[in-house]
Amino acid sequence: MFSNRITQTFGIEHPIVQGGMQWIGRAELVASVANAGALGMLTALTQPTPADLGAEIERCRTMTDKPFGVNLTVLPSIRPMPHMEFAKQIVDSGVTVVETAGSNPAPFMELFKANGVKIIHKCTSVRHAVKAQAVGVDAVSVDGFECAGHPGEDDVTNLVLIPAARAALDIPIIASGGIADGRGLAASLMLGAEGVNMGTRFMATVEAPLHDNVKQTMVDLTERDTDLILRTLNNTARVARNSVSTDVIRILDQGGIFEDVRELVAGARGRTVYETGDLEAGIWTAGMSVGLVKDIPTCAELVSRVVAEAEQHIAAATAQIAVPV
């Protein structure tokens, strides 16, 4: 059993956070993660409107009485989103944990702090984490180059990024990217994090709301089966490799602009992948940790296994230390 600032601040049993994932961070997954003792995250922008988010929060509450949070990602999108209205809905719904990502969380801090909301901010660099600490967030989720979604443009892996962030920060750190098992949790704790964020690994669970064909494909993929797209646009995203991702890379490498790939990278097409199991319908997100996904457990099975493995690996490593006599 682990107890630290992450478990204590967010009222959870295990220092594990389920990543906020577009189209996937829905009530059935989030409640299952929460019931397993970890921190589930609804994804705000999966919902069409703030009112729909409010309804999803209430639906989640019918499935769990444990703490859960909401991810609010503020990034440029094909369809502009009313981010502040979503933030107000989060507060009005009584949610007390928010994960912000994408842009500086400063515009939302007064609203969240005034309503007792604890804020985790997702960062891809030490400098961004330092800024987040300065504006008053309660913890940072530091994304290494291995992560799914947007790893930033610095290409620094967690083996370097987490200890570098630890040296620069006072607030708790959650390691994100490349983590799918107990070894990842144990290693993250040794590097200076106090918890881990898993997105890709939670996609391949029984309760995750995506097609079984996608889950089984994840079991079959290796750590080499992802692509980095939109690099030339300084908006890098890591996705599972398919014909669409390779087309996007080819078009941009040949001098294309965003308008040339706009329809290929549309989020609605990724949603089609998850709902129908057609792996070529659009781009879909997966991190390098997909190579560590070997089965499709329930969330409860996964969380308990990760914690038990971490305890075992820490104990085994400790046993290797020779005490001077």
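This is a short exchange on how the terms used for this predicted model are justified.

Author: The model is predicted, with local features needing pLDDT of at least 70 and side-chain atom pairs pLDDT 80 or more, while totals for chains, interfaces and linings use all residues. Residues are numbered from 1 along each chain as its sequence is written, and side-chain values use heavy atoms, without hydrogens and water.

Reader: What makes the protein as compact as a globular protein of its length?

Author: Its radius of gyration, taken over C-alpha atoms, is set against the globule rule, 2.2 Å times the number of residues to the power 0.38; the value is 19 Å and the rule gives 20 Å for 325 residues, so the protein is as compact as a globular protein of that length.

Reader: Why is a set of 77 residues called a nonpolar core?

Author: The name applies because such a set holds buried Ala, Val, Leu, Ile, Met, Phe, Trp, Tyr and Cys residues joined through side-chain atoms within 4.5 Å, where buried means under 20% relative accessible area with a 1.4 Å probe, counting protein chains only. Among the residues with the most contacts inside this core are Ile16, Phe112 and Val140, and its largest share, six residues, comes from helix H14 (residues 299–319). Another core, of eleven residues, lies apart from it and includes Leu230 and Val248.

Reader: Which residues is Val140 in contact with, leaving aside its neighbours within four places in sequence?

Author: Contact means heavy atoms within 4.5 Å, and the partners of Val140 include Ile120, Cys123, Leu169 and Ile174.

Terms used. Buried means under 20% relative accessible area, exposed over 50%, partly exposed in between (1.4 Å probe, protein chains only). Helices (H or I, at least four residues) and strands (E, at least two) are DSSP runs, numbered from the N terminus.
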